[in-house]
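This report describes the fold content, the surface and the aromatic side chains of one protein chain. Please consult the sequence and the model shown below.

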Amino acid sequence: AMATDDDLRDDVTALASALGFAPRAGDGASVERGFDDRDFRAAHLEAAARLRARDGTTTTTTKGGGASKTRGRGSTTTTTMVVTKGRRGDGGGGGDGGDGGGSKDAGAGAGGAGEKKRPWNPGAGPRPAQGSGGNDENHARGGGDRLTGTWYEMSAQLTSELGAAAAKKATAEPTRAELEAKEAMAKHAIEERVGTYEKRMKRHSDANAKWLELVRTSGTASDKVAANVLSVTEDPAANLKALENLLGLVERARASGGKRSAVQAITALEALFREGLLPDRKLKYFSEQPLSLAASAPHERKRLMYWYVEDAIKRMYLRFIGAIDELSRDPLPILKEKSLKSAFALLKAKPEGERQLLSILVNKLGDPSRKLASTASHLCLELIKAHPAMKRIVAREVEAFTFRRGVGLKAQYYAAVMLNQISLSHKGDGPALAEQLIETYFGLFQYLYKLSLKKIPEDEAAAAALEAKKKEKQRHRDGGRGRGGRGGRG
């Protein structure tokens with residue numbers, strides 16, 4: 001029976017070695033009695049075992065499931081199965097029966113770090129890249145950027161190479177010819193970036209590239225939105241055309257229909273701009289960059305390319321704001337609500353275009369729908385909670401909306417209710433905000449009082465006209481009979 005147990009243990013050990021769970025005899029590590037369970041041990045147990053081995057102790061475990069005991073290095077043991085750290089390749093020294101089989105990794109084990117790494121199994125898929133940076137050569141060419149804000153981080157890094165002079169406005173403005181030359185260089189760099197991206201996609205995933213191209217040309221509206229979002233996510237700088245396609249779905253919605261796809265495109269563009277395309281600063285046009293200093297440091301073409309990408313994203317973002325401004329006045333309620341909430345999300349997250357977005361938010365206080373007007377008031381208060389420094393800005397915008405020509409009493413009511421819910425304090429701009437609100441309230445009261453005085457004569461004139469109209473209708477109804485009349489027909 002003992003020989004049978006040994007044979008079974010040897011078979012299990014050989015199977016584990018074949019699966020990569022135990023060291024082979026040819027690897028310089030001898031497998032003794034017991035199953036090699038290194039791959040299944042918790043990290044804290046490994047650390048505790050290394051500490052015990054360093055202190056000259058060893059852990060013995062009874063085969064019948066008895067309690068573990070810790071004994072000195074020279075102690076004898078009567079247990080059936082002995083597990084020592086000396087034979088796990090940790091370099092923890094010998095123990096009871098330890099043979100120092102881990103001498104190959106002794107140096108790594110002494111520092112508590114390294115176990116021997118097994119070769120990568122190709123059946124598990126492609127080997128993951130080491131680190132999050134990807135290929136250094138690829139990043140040196142500007143490739144490999146993903147939707148994690150890398151385009152503007154790379155732009156900031158390249159701009160910082162110009163030194164402190166780039167932070168200030170260039171002393172010599174570039175001429176028209178120089179500006180066109182720099183822009184042509186940037187466009188050529190963008191074209192090379194697009195070509196490199198397409199080659200990389202075909203090389204690594206030919207099926208995915210064909211699917212994306214097929215979906216863009218002949219897919220449904222939802223598929224087109226998904227394909228364009230995927231392309232922009234892969235590399236924003238190389239897929240400005242895909243971003244343009246998404247923007248086109250939103251801009252064409254009010255003129256030529258396709259409002260369902262417009263709702264999906266608004267959701268996609270909002271997520272793209274908010275989560276990856278916009279930095280936490282305001283964007284600049286290409287002409288506002290220090291173009292005269294672009295050649296004063298290496299990587300001029302790459303620097304110009306990122307400045308051109310920033311210019312393109314700024315222009316498309318402003319177009320997107322204009323599109324949702326138009327759709328916020330669409331008769332379809334879902335489009336109005338989606339545009340309003342997208343404007344709020346972008347205004348809350350990023351500083352770019354905040355004046356236009358705040359105007360969209362405040363203008364919906366005058367929406368004919370009570371639900372949308374109430375939602376606009378709530379979103380304005382949520383914006384103030386998220387950014388307390390914008391209290392005076394929002395209050396000033398709402399005040400301008402209140403006294404705008406053509407604004408009805410219902411819109412003024414929602415505006416006054418919203419201003420009344422702004423919290424005040426004695427710190428910072430609190431006193432100035434309180435004074436501003438008081439002036440707004442008294443101005444509104446004065447406006448309403450003058451409006452009521454003008455309305456009284458108008459009401460009297462309207463009542464007199466209505467009474468005259470009623471008498472005229474009554475006269476025609478009676479057949480024109482009256483004093484001195486002919487009376488009756490014929």
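## Overall architecture

In this predicted model, the chain comprises 18 helices and three strands. Among contacts in the chain with a separation of 6 or more, 64% are made by residues 24 or more positions apart.

## Burial and surface

The chain has 490 residues, of which 36% count as buried. Its exposed surface amounts to about 29100 Å², and carbon and sulfur atoms contribute 55% of that area.

## Aromatic pairs

Seven aromatic pairs are counted in the model. One of them joins tyrosine 413 and tyrosine 414 in an edge-to-face arrangement, with 5.6 Å centre to centre and 65 degrees between the planes. The angle of 65 degrees places the pair in the edge-to-face class because that class covers planes over 60 degrees apart.

The two members of this pair fall into separate burial classes. Tyrosine 413 has a relative accessibility of 53% and therefore counts as exposed, since the cut-off for exposure is over 50%. Tyrosine 414, in turn, has a relative accessible area of 14% and is therefore buried, the limit for that class being under 20%.

## Aromatic cluster and charge over a ring

Phe273, Tyr317 and Phe320 together make up one aromatic cluster. A further ring, that of tyrosine 285, has lysine 314 over its face, at 5.0 Å from the ring centre.

Terms used: Residues numbered from 1 in each chain as written. Predicted model: local features only at pLDDT ≥ 70, side-chain atom pairs only at ≥ 80, totals over all residues. Heavy atoms only, no water. Phe/Tyr/Trp six-rings, centres within 6.5 Å; stacked < 30°, edge-to-face > 60°. Buried < 20%, exposed > 50% of the residue type's maximum accessible area, 1.4 Å probe, protein only. Lys NZ or Arg CZ within 6 Å of the ring centre and 35° of its normal. Helix = DSSP H or I, 4+ residues; strand = E, 2+ residues; numbered from the N terminus. Contact = heavy atoms within 4.5 Å. Areas by Shrake-Rupley, 256 points an atom, 1.4 Å probe, with all protein chains shown as cover.
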